[in-house]
Amino acid sequence: MPARRPARTALAAAAVALLSATAVACGDSGGLQSAGATPTAVSPAKLWPDLRPASSPAWPYDEAEREVVKGIRVPGDDIRKVAPVDVVRAEISAHPDDYGSKGAYHATVDRVKECEPGGDRARCPVLKAYYRDLTGDGRDELALGFRLYPTNQTAVRIYTVEKHRLVQVLADNDAIIGVELAGRAVIVRSPAGITGYEYRTSWAWDPEQRAMVFSRDEFLRTGGGRHTRRPSASPSPSLTPSPSLTPSSAVTPSSGTTASAGE
């Protein structure tokens with residue numbers, strides 16, 4: 001995408017020059033003057049027209065991930081009354097392959113213990129919780145993030161309430177630069193491994209699948225630095241769900257706290 005911007009700039013400059021020349025010519029007693037030859041328009045060239053079209057996508061981007069959170073009650077169907085730390089504990093219990101002694105995120109278990117009263121809050125992996133209506137039903141959803149130790153990844157989760165049950169409608173684990181809530185979309189920003197660029201993945205509510213589904217993936221230039229690959233311990237963004245929140249919802253390492261996404 002960035003490679004197309006210089007071309008657009010050149011076209012804009014040519015248009016401005018042509019308009020300027022025309023304006024000057026109209027005011028001249030000699031009448032209209034030529035602005036020069038116009039480049040010949042070139043239509044897109046279609047490559048491999050006989051190539052057999054793929055019958056299925058390489059990656060199941062449109063597959064929604066929904067999971068009822070077991071062991072969590074939602075008093076009065078008010079998601080704000082659900083303790084974020086309890087939600088994280090429920091995930092740990094439900095996924096022993098990920099959080100067990102041999103799991104990729106095993107160190108998260110001990111860190112969660114620090115979220116208890118009297119624990120070291122600075123070591124608690126649960127980030128500030130945010131609330132916003134992401135489904136359009138007039139009720140808030142819960143946007144939750146927590147660090148996945150010993151990796152440098154962060155878990156991004158979105159929860160809603162259905163029939164008195166807490167339901168996870170987005171799960172994304174990734175190396176995170178930041179997360180934003182824009183309207184009813186969740187935008188996850190991740191390092192690209194190339195200086196001056198980043199990935200931005202968007203997830204939007206799908207009323208048919210009743211979940212947040214993949215809607216856009218971008219590789220964007222953020223400015224600065226040479227176009228060289230930098231050494232990094234950060235994994236490339238995964239193709240499965242991951243976490244973070246808007247400028248007003250920036251994830252901070254404070255645990256057990258909550259706020260509205262617009263605060």
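This is a conversation about a predicted model, in which a visitor asks why its features carry the names they do.

Visitor: Let's begin with charges. What makes Glu162 and Arg66 a salt bridge?

Guide: A salt bridge needs a side-chain nitrogen of Lys or Arg within 4 Å of a carboxyl oxygen of Asp or Glu. For Glu162 and Arg66 the N to O distance is 3.0 Å, so the pair meets the rule. The two come from distant parts of the chain: Glu162 belongs to strand β4 (residues 153-162), while Arg66 sits in the loop between α1 (5-26) and β1 (67-73), 96 residues apart.

Visitor: Why is Glu162 called buried or exposed, and what about Arg66?

Guide: Buried means under 20% relative accessible area, and exposed means over 50%. Glu162 has 13%, so Glu162 is buried. Arg66 has 37%, which falls in between, so Arg66 counts as partly exposed.

Visitor: Which residues join Arg66 in a network of salt bridges?

Guide: Arg66, Glu162 and Arg210 are linked in that network. In total, the structure holds 11 salt bridges.

Visitor: How do you know that Arg80 and Asp140 belong on that list?

Guide: Their side chains meet at 3.0 Å, N to O, so the 4 Å limit is satisfied. This pair also links distant parts of the chain, with Arg80 in the loop between β1 and α2 (84-94) and Asp140 in the loop between β2 (129-132) and β3 (141-148), 60 residues apart. Arg80 has a relative accessible area of 38%, so Arg80 is partly exposed. Asp140, with 30%, is partly exposed too.

Visitor: What makes Glu198 and Arg200 a salt bridge?

Guide: Their closest N and O atoms are 2.6 Å apart, and the limit is 4 Å, so the name fits. Glu198 has a relative accessible area of 3%, so Glu198 is buried. Arg200 has 28%, so Arg200 counts as partly exposed.

Visitor: Now for sulfur. How do you know that Cys115 and Cys124 form a disulfide?

Guide: Their sulfur atoms are 1.9 Å apart, and the rule asks for a distance within 2.5 Å, so they qualify. The count by this rule comes to 1 disulfide. Both Cys115 and Cys124 are buried.

Visitor: Why is this disulfide called right-handed?

Guide: The torsion about the S-S bond of Cys115 and Cys124 is about 90°, so the disulfide gets that label.

Visitor: On to the strands. What is the order of the open sheet of 4 strands?

Guide: The order is β6-β7-β8-β9, with antiparallel pairing.

Visitor: What makes β6 and β9 the edge strands?

Guide: β6 (178-182) and β9 (211-221) each pair on one side only. On average, neighbouring strands of this sheet are turned by 20° against each other, direction ignored.

Visitor: How do you know that β6 and β7 pair?

Guide: Pairing takes at least two bridges between two strands. β6 and strand β7 (residues 185-191) pair in the antiparallel sense over 5 bridges, so the requirement is met. Ala182 stands opposite Ala185 in β7.

Visitor: Let's finish with the rings. Why is the pair of Tyr199 and Phe219 called tilted?

Guide: A search of the whole structure finds 4 aromatic pairs. In this one, the ring centres of Tyr199 and Phe219 are 5.3 Å apart and their planes lie at 50°. Centres within 6.5 Å make a pair, and an angle that is neither under 30 degrees nor over 60 counts as tilted, so both parts of the name hold. Tyr199 is in strand β8 (residues 197-206) and Phe219 in strand β9, 20 residues apart. Ring pairs link Tyr197, Tyr199 and Phe219 into a cluster.

Visitor: What makes the pair of Trp203 and Phe214 edge-to-face?

Guide: The planes of Trp203 and Phe214 are at 80°, with 6.0 Å from centre to centre. An angle over 60 degrees counts as edge-to-face, so the label follows. Trp203 lies in strand β8 and Phe214 in strand β9, so the pair ties together parts that are 11 residues apart in sequence. Both Trp203 and Phe214 are buried.

Visitor: Where does the charged end of Arg111 sit?

Guide: The charged end of Arg111 sits over the ring of Tyr149, 3.9 Å from the ring's centre. The distance limit for such a contact is 6 Å.

Notes:
Residues numbered from 1 in each chain as written. Predicted model: local features only at pLDDT ≥ 70, side-chain atom pairs only at ≥ 80, totals over all residues. Heavy atoms only, no water. Buried < 20%, exposed > 50% of the residue type's maximum accessible area, 1.4 Å probe, protein only. Axes fitted to C-alpha atoms, helices over the stretch in contact; angles between N-to-C directions. Lys NZ or Arg CZ within 6 Å of the ring centre and 35° of its normal.
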